[in-house]
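Biologist: I'm new to this one, so please pick a single part and walk me through it slowly. Start with whatever I need for the overall view, then go in close.

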Amino acid sequence: MVTAMFEGGEEIATARALTRDFLTDLQAVHGLPVSNRVMGVVQLVVSELVTNARRHAPGPCTLTLEASDGTIDVTVWDSDPTLPIARAADPGRVGQHGLEIVLAVARGFTARREPVGKRITATIALADDPAGDPAGRAP
């Protein structure tokens, strides 16, 4: 498991780099398969969740990455107790598609209030689905 705390202006790029290093180590050290698609999807989810935390919550946020049972859990905690709500798809809307993207590529998603703030977890399949489902779900 990897945990990092972000408070500066470069945290999103740092979070993506941390994620890339974590996934590379999963392959090199632990022998777990991580495809290029999974590498990109997990970094995208990290980027969207950390961006939302930094944009909508005062103070720090934490990022936790954890691999188990063929999945990666990407968890972001922030200090704002307001749970996110996915907006209806609107191709004409500029921006505010982050949660839609996360929900589309994640195998699982939870958001819960904490005594301080909230914790959001997106679960991503490590293995590619042979049928090509972006969330790694076999039909």
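Modeller: Let's begin with a term: accessible areas here come from the Shrake-Rupley method with a 1.4 Å probe. By that method the chain exposes about 7,500 Å², and 56% of this is supplied by carbon and sulfur atoms. Keep in mind that what you're looking at is a predicted model.

A bit more of the overall view before we zoom in. The chain has 139 residues, and 40% of them count as buried. You'll find three helices and five strands, and if you read along the sequence, they come in the pattern β-α-α-β-β-α-β-β. Take the contacts in the chain with a separation of 6 or more: 60% of them are between residues 24 or more positions apart.

The part I'd pick is helix 2, and the nonpolar core is where to see it at work. The largest such core has 27 residues, and those that touch the most other members are Leu23, Val42, Val45, Val46, Leu49, Ile72 and Val74. Two or more residues each come from helix 1 (11-28), helix 2 (36-56), strand 2 (61-68), strand 3 (71-78), helix 3 (98-105) and strand 5 (118-125). Helix 2 gives the largest share, nine residues.

Zoom in on Leu49 for a moment. Setting aside neighbours within four places in sequence, Leu49 is in contact with Val74, Val76, Val102, Ile120 and Ala122.

Now, how does helix 2 sit against the other helices? Two packed helices are described by the angle between their axes and the distance between the axes. For helix 1 and helix 2, that angle is about 150 degrees and the axes are 9 Å apart. Angles over 145 degrees count as roughly antiparallel, so helix 1 is roughly antiparallel to helix 2. Their crossing is right-handed. On the helix 1 side, the contact is made by Glu11, Ile12, Ala15, Arg16, Thr19, Arg20, Leu23 and Thr24. Helix 2 answers with Val38, Met39, Val42, Gln43, Val46, Ser47, Val50, Thr51 and Arg54.

Helix 2 also packs against helix 3, at an angle of about 145 degrees and with the axes 9 Å apart. Here the crossing is left-handed. Val41, Leu44, Val45, Glu48, Leu49 and Asn52 do the touching from helix 2, while Gly98, Leu99, Ile101, Val102 and Val105 do it from helix 3. You've met Leu49 and Val102 already: they are in contact with each other.

Next, bring in strand 5, where Ile124 is found. Is Ile124 buried or exposed? Buried means under 20% relative accessible area, and Ile124 has 1%, so it counts as buried. Ile124 and Val41 are 83 residues apart along the chain, yet their C-alpha atoms are separated by 8.0 Å. Leaving out neighbours within four places in sequence, Ile124 is in contact with Val41, Val42 and Val45, along with Gly70, Thr71, Ile72, Val105 and Ala106.

Finally, follow the chain back to the loop between helix 1 and helix 2. Ser35 has its place in that loop. Its C-alpha atom and that of Ala127 are separated by 7.2 Å, with their positions 92 residues apart along the chain. Not counting residues up to four places away in sequence, Ser35 touches Leu126 and Asp128.

Pro33 is in the loop between helix 1 and helix 2 too. With a relative accessible area of 57%, Pro33 is exposed, since the cut-off for exposed is over 50%. With neighbours within four places left aside, Pro33 is in contact with Gln27 and Leu126. Pro33 also lies 9.2 Å from Leu23, C-alpha to C-alpha, at 10 residues apart in sequence. Leu23 should ring a bell: it's among the core members that touch the most others, and it's part of the contact between helix 1 and helix 2.

Note on methods. Residues numbered from 1 in each chain as written. Predicted model: local features only at pLDDT ≥ 70, side-chain atom pairs only at ≥ 80, totals over all residues. Heavy atoms only, no water. Core = buried A, V, L, I, M, F, W, Y, C linked by side-chain atoms within 4.5 Å. Buried < 20%, exposed > 50% of the residue type's maximum accessible area, 1.4 Å probe, protein only. Helix = DSSP H or I, 4+ residues; strand = E, 2+ residues; numbered from the N terminus. Contact = heavy atoms within 4.5 Å. Axes fitted to C-alpha atoms, helices over the stretch in contact; angles between N-to-C directions. Parallel < 35°, antiparallel > 145°, perpendicular 65-115°, else oblique. Left-handed = near helix turned anticlockwise from the far one by under 90°.
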